[in-house]
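New to this one? Take a look at the structure first, then go through the notes that come after it.

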Amino acid sequence: MNVEPSMRVEDKLYYNRYLVDVGHPHVKVRAHTTPSPQLLALLKVCPARCYELNDNGQVEITVDGCIECGTCRVIAEPTGDIQWSHPRGGYGVLFKFG
Amino acid sequence: MIEERFDAIVVGAGMAGNAAALTMARRGMKVLQLERGEYPGSKNVQGAILYADMMEKLIPEFREEAPLERHLVEQRFWIMDDRSHVGMHYRSDDFNEERPNRYTIIRAQFDKWFSSKVREAGATVLCETTVTELARDDRERVVGVRTDRRDGEIHADVVVLAEGVNGLLGTRAGLRARPTPDNVALAVKEMHFLPRETIEARFNLKGDEGVVIEAAGTISRGMTGMGFIYANKECISLGIGCLVADFQRTGQTPYGMLDHFKQHPSVAPLIAGSEVKEYSAHLIPEGGYKAIPQLHGEGWVVVGDAAQLNNAIHREGSNLAMTSGRIAAEAIVQVKSRREPMTATNLSLYKKMLDESFVIKDLKKYKDLPTLMHTHSQNFFLTYPQLISKAMQNFVRVDGTPKAEKEKATLKSFVKARSWTGLFGDACRFARAWR
């Protein structure tokens, strides 16, 4: 099977249209020293790869590319690891096709 | 503060919200619909297939006006292993009928049109407005909503929660539970653009005929999941989804799985040379009948995906959404026409009417299947697809082995993988859940 190298998720997000609400992230990660298993799961499961580990081994989020699926909310809101809201009206991802 | 008082507020402009707002506005109710996207449809994601019957009940002339892609003449089911697929195709010229039964659509475009009908019917549609909270009185009855605009509270006799699978309002207010990792699937999708003629040639279509491919097997790597490929006019919707709990457990990435699906030798030729124009993701309610929350209360009802109304086995969701939206609206109209208050008791009419419809009857029929698929995902999504593929290859490859020996080998491979009791048990379990 001829497998082409897969495209980076970050590049896929350039297909999409966003109106970023600068200074008002709609998802926040609670401050922590060691990430919980739920937070670590988000590194892999987030389809826009918004979650990443920083140099101190903590999970950070950049919401700019978020496609608002809510998967992280389902996994990590019950444990209090993240706070999830919808972006303010009009902001966030704007699907052309959906 | 908006001093105006409404008969009903509908939260969300998806299939369920639009159906509800349209139905109530047409019956003369004063309706406010709130949508957080820039335009109706800008936050909505679906495969997407539109079922004509349920749409026709709302807008009989929709075929002449709505942006539709292709009417479906063929359905393919693929059981896949890593290098092959075993398929069942159903194609019939009967589907080239005057009023076709199913269409592919592009939700952002369709929803914009659907919403224009809601406005025409007289509802006030306010976009770019995120509802942040339900407003309640001192007896905990829902009396309206609060939004992120500076207008403060907006009041209405009843609030229709059509906020989708990831709706925050109902869960924040404690009216229903948050979706759990084992009752929602995460699907990722890409839109692949190709010239119209190329799509028609690759899928064996003419004119506006369309094809749907639903695929299951090793593409979900032993997790409960499915892939799909839908032919639109000038693009192909292609995606794959699995239970969130399975992603969490295995550490597989959704985009990795999508890439793998796209590179499968049965899929790659269909999208070769295409230009991708969007990448989206969405949760799909998979819990079925057992995951349906309380559907109504003091001053509120919940409809569509927010109420987990999705038939995962038949891949039906938006038709359940628009039907539940319509039925909720009809119930509200009835209560209002009797000049009675929107209490939980009076709004139970919605549940009663929904119970009598195909929506709840279908979900009830399959109430045990979600759990079965989940607890036996390795067998149904990995072992059996591999066995079936091997059996088919054994059947069609001619190599001088006597047929009796081939059949013996096939049978042996099934028994070896699942044992006689296992095979019998799987068959019984599946039959019982399907019944």
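Here is a quick tour of cysteines, cavities and the contact between chains.

Keep in mind that this is a predicted model. Chains A and B meet through 44 residues of chain A and 58 residues of chain B. Elsewhere you'll find three cavities of 30 Å³ or more, and there are zero disulfides over all chains.

**Cysteines**

- A disulfide is a covalent bond between the sulfur atoms of two cysteines.
- So why does A:C69 have no such bond? Its sulfur sits 6.4 Å from the closest cysteine sulfur, the one in A:C46, and that is too far for a bond, because the cut-off for a disulfide is 2.5 Å.
- A:C72 has a similar story: its closest cysteine sulfur belongs to A:C66, at 6.4 Å, which is again too far for a bond.
- Buried or exposed? A:C69 counts as buried, since its relative accessibility is 9%, and the cut-off for buried is under 20%.
- A:C72 is buried as well, with a relative accessible area of 12%.

**Cavities**

- The largest cavity holds about 120 Å³ of space.
- Its lining takes in 15 residues, and those nearest the centre are A:C46, A:Y51, A:C66, A:C69 and A:C72. The cysteines from the notes above, A:C69 and A:C72 included, therefore turn up again here.
- Sorted by class, that lining has 13 nonpolar residues, one polar and one charged.
- The second largest cavity comes in at about 60 Å³.
- Chain B residues line the second largest cavity, among them B:E286, B:Y289, B:N310, B:D362 and B:P370.
- By class, the lining of the second largest cavity splits into six nonpolar, three polar and two charged residues.

**Where the chains meet**

- The size of an interface is often given as the accessible area lost when the parts come together.
- For chain A and chain B, that buried area is about 4,100 Å², and 54% of it is on carbon and sulfur atoms.
- Which residues of chain A lose the most area to chain B? They are A:R73, A:F95 and A:F97, which together account for 19% of what that side buries.
- How many salt bridges are there between chain A and chain B? The count is five.
- A salt bridge also joins the side chains of A:K12 and B:E190, with 2.3 Å from N to O.

Conventions: Residues are numbered from 1 along each chain as its sequence is written. Chains are lettered from A and ligands numbered from 1 in the order in which they are written. This is a predicted model: local features need pLDDT of at least 70, side-chain atom pairs count only at pLDDT 80 or more; totals for chains, interfaces and linings use all residues. Side-chain values use heavy atoms; hydrogens and water are left out. Buried means under 20% relative accessible area, exposed over 50%, partly exposed in between (1.4 Å probe, protein chains only). On a 1 Å grid over the protein atoms alone, a cavity is a set of points where a 1.4 Å probe fits but cannot get out, and a pocket is an open set with protein on both sides within 12 Å along at least five of seven lines; lining residues have an atom within 4 Å of a point. Grid points are joined across faces, edges and corners, and a volume is the space filled by probe spheres set on the points. Ala, Val, Leu, Ile, Met, Phe, Trp, Tyr, Cys and Pro count as nonpolar, Asp, Glu, Lys and Arg as charged, and the others, Gly among them, as polar. Contact means heavy atoms within 4.5 Å. Buried area is the accessible area (1.4 Å probe) that two parts lose on being put together, summed over both. A salt bridge is a side-chain nitrogen of Lys or Arg within 4 Å of a carboxyl oxygen of Asp or Glu.
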